[in-house]
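Welcome, and please open the structure in your viewer. This tour goes one selection at a time, with a short note on what to look for at each stop.

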Amino acid sequence: MTLLKPASRVPEDSTLLTEADRQWLDERAGSLDADASQAASVVPYLARAGLLTHGLPQAMGGRGTPVSHAIEAIAQVASHSVAAAFAFWGQRVLIQMLAATGNTGLRERWLPALLRGETAGASGLSNIMKFLSGIEALSIRAMPAPGGGWLLDGGVPWCTNLREPQFLAAVAVARDDGAPPMIVALPSDRPGLQRSPDLELMALRGTNTAALRLAGVAITADDLLAEKAGGFLPQVRPAFLGMQCGLSIGLARAACAAAARRMGEGGHVLREALTETRERLEDAAMAIQKGVDGGEFAEAPQRLFALRLALHDSVQQALQLELQATGGRAYHLDVPGVATPGVATPGVTTPGGFARRWRESAFIPIVTPSVTQLLGELKKHGG
């Protein structure tokens, strides 16, 4: 994939999100955390807002800006709802894979509908990330079909943004003929492909996350994102992980902002720690965005792994600061009230979002590649 010309990092307070976008996300953040009632609305809204086109070449329907703008867009959404940002990430990563594929027919067939949000896009590549780290075997196998192409059997236990009635999911496939693994784009209406009910998840109920089961699913070369996964994945991994880092960046920013708002008397003892946490966070965010745009992570992925780990630490530090600045009020449920801002009113609380952010933060260390996997990879390379 041709790299776009690097540009300066999008500032945190930029207008990638309008005030209407922020309000829309804030109004739905609690629901997306707790149930699936708003799940179908997220990606179509983000598409209408033009957020899916950041970081994509104009020739493919994008804005012609570097990938760092897509990372920042995901981060700004995550500041309001990690669930919404996770669905955004799934959609945007599949769009990035279609931008990078050599299969132009596949791209032309699916990219417009994905950019409009009409078709949901999902990246079910957790399995191959673990496979490449030597943690598990590939869970989908392909055998040659009598009339050409392949028949797929297996499953994906966890895949996000499988919004019905139409989705396209990228999965990794091992070949029974001994050839290298492939990356396949599976449409939801392919016979033999079954989607489970939504998984009962903490903090991510509104993400259309489910399992996939494949039984004799027929594919041809027209369905391949890459015939050789080993050559394709290093090409897309910087954007894949960089956009994923947007979840951490946005969540840590939100917690830092909440901590700053809630520092009352005695809060001065936390201000130095808050300043240091914000500086480390933004330094890591800038390094990720510049590294993805400049292409340095394709040859040095360990640098990106280390930055992702640094962001994980920033999330934990930011949440602790928010908790300490908020004090006992953090234990109030986010129940809408009519309290006067700045005035303590017994029995009345205003939604603060701490409990939701605390639950969201528990996802950061386990999203693939997990903190454990990243530490293992760095250890292999002497990091």
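Begin with a cartoon view of the whole protein chain, where the secondary structure amounts to 12 helices and eight strands. Keep in mind that this is a predicted model. Of the 383 residues in the chain, 55% count as buried. Now show the surface: about 16300 Å² is exposed, and carbon and sulfur atoms supply 56% of that area. If you turn on contacts and keep those between residues at least 6 apart in sequence, 73% of them join residues at least 24 apart.

**Stop 1: strand S1**

Select residues 120–124, which make up strand S1. Is this strand buried or exposed? Five of its five residues are buried, so the strand is largely enclosed by the rest of the structure. Show the residues as sticks and look along the strand: Ala120, Ala122 and Gly124 point one way, while Gly121 and Ser123 point the other way.

Next, add residues 167–175, strand S4. S1 and S4 run parallel and are joined by five bridges. To find one of these pairings, click on Gly124 and look across to Val171, its bridge partner in S4.

**Stop 2: strands S2 and S3**

Stay with S4 and select strand S2, residues 140–144. S2 pairs with S4 in the parallel sense over two bridges, and here Ala142 stands opposite Arg175 of S4.

Now bring in strand S3, residues 150–159. S2 and S3 run antiparallel, with five bridges between them. Arg141 stands opposite Asp153 in S3. The two strands form a hairpin with five residues between them, and in its turn you can pick out Gly148, with a positive phi of about 110°.

**Stop 3: a pocket**

Show pockets and go to the second largest, which holds about 330 Å³ of space. Which residues are closest to its centre? Of the 20 that line this pocket, they are Ser126, Lys130, Trp158, Val367 and Thr368. Colour helix H4 (82–100), S1, helix H6 (126–132) and S3, because each of these supplies at least two residues of the lining. Colouring by residue class instead gives 12 nonpolar, six polar and two charged residues around the second largest pocket.

**Stop 4: a cavity**

Switch the display from pockets to cavities. How many cavities of 30 Å³ or more are there? The count comes to one, and the space in the largest cavity is about 40 Å³. Select its lining: Val93, Gln96, Met97, Val236, Ala239, Phe240 and Met243. The elements that give two or more residues to this lining are H4 and helix H7 (229–262), with H7 giving the most, four residues. By class, six residues of the cavity lining are nonpolar, one is polar and none is charged.

**Stop 5: His312**

Move on to helix H10, residues 301–326, and pick out His312 there. With a relative accessibility of 14%, His312 counts as buried, because the cut-off for buried is under 20%. What is His312 in contact with, leaving aside its neighbours within four places in sequence? Select Ile364, Pro365 and Val371 to see these contacts.

**Stop 6: backbone details**

Most residues other than glycine have a negative phi, and most peptide bonds are trans. The last selections are exceptions worth a look.

First, go to the loop between S3 and S4, where Pro165 lies. A cis peptide bond joins Glu164 to Pro165, with omega about 15°. Then find Pro369, in the loop between helix H11 (354–361) and helix H12 (371–380). The peptide bond from Thr368 to Pro369 is also cis, with omega near 0°. You have met Thr368 already, among the residues closest to the centre of the second largest pocket.

Finish in the loop between strand S6 (193–195) and strand S7 (210–219), and select Ala203. Although not a glycine, Ala203 has a positive phi of about 70°, and Ala203 is buried, with a relative accessible area of 3%. Asn208 is found in the loop between S6 and S7 too. Its phi is near 55°, a positive value in a residue other than glycine, and Asn208 is buried at a relative accessible area of 9%.

Note on methods: Residues numbered from 1 in each chain as written. Predicted model: local features only at pLDDT ≥ 70, side-chain atom pairs only at ≥ 80, totals over all residues. Heavy atoms only, no water. Buried < 20%, exposed > 50% of the residue type's maximum accessible area, 1.4 Å probe, protein only. Pairing = 2+ DSSP bridges. Contact = heavy atoms within 4.5 Å. Areas by Shrake-Rupley, 256 points an atom, 1.4 Å probe, with all protein chains shown as cover. 1 Å grid on protein atoms, 1.4 Å probe; cavity = no way out; pocket = protein on both sides within 12 Å on 5 of 7 lines; lining within 4 Å. Points joined across faces, edges and corners; volume = space filled by probe spheres on them. Nonpolar A, V, L, I, M, F, W, Y, C, P; charged D, E, K, R; others polar.
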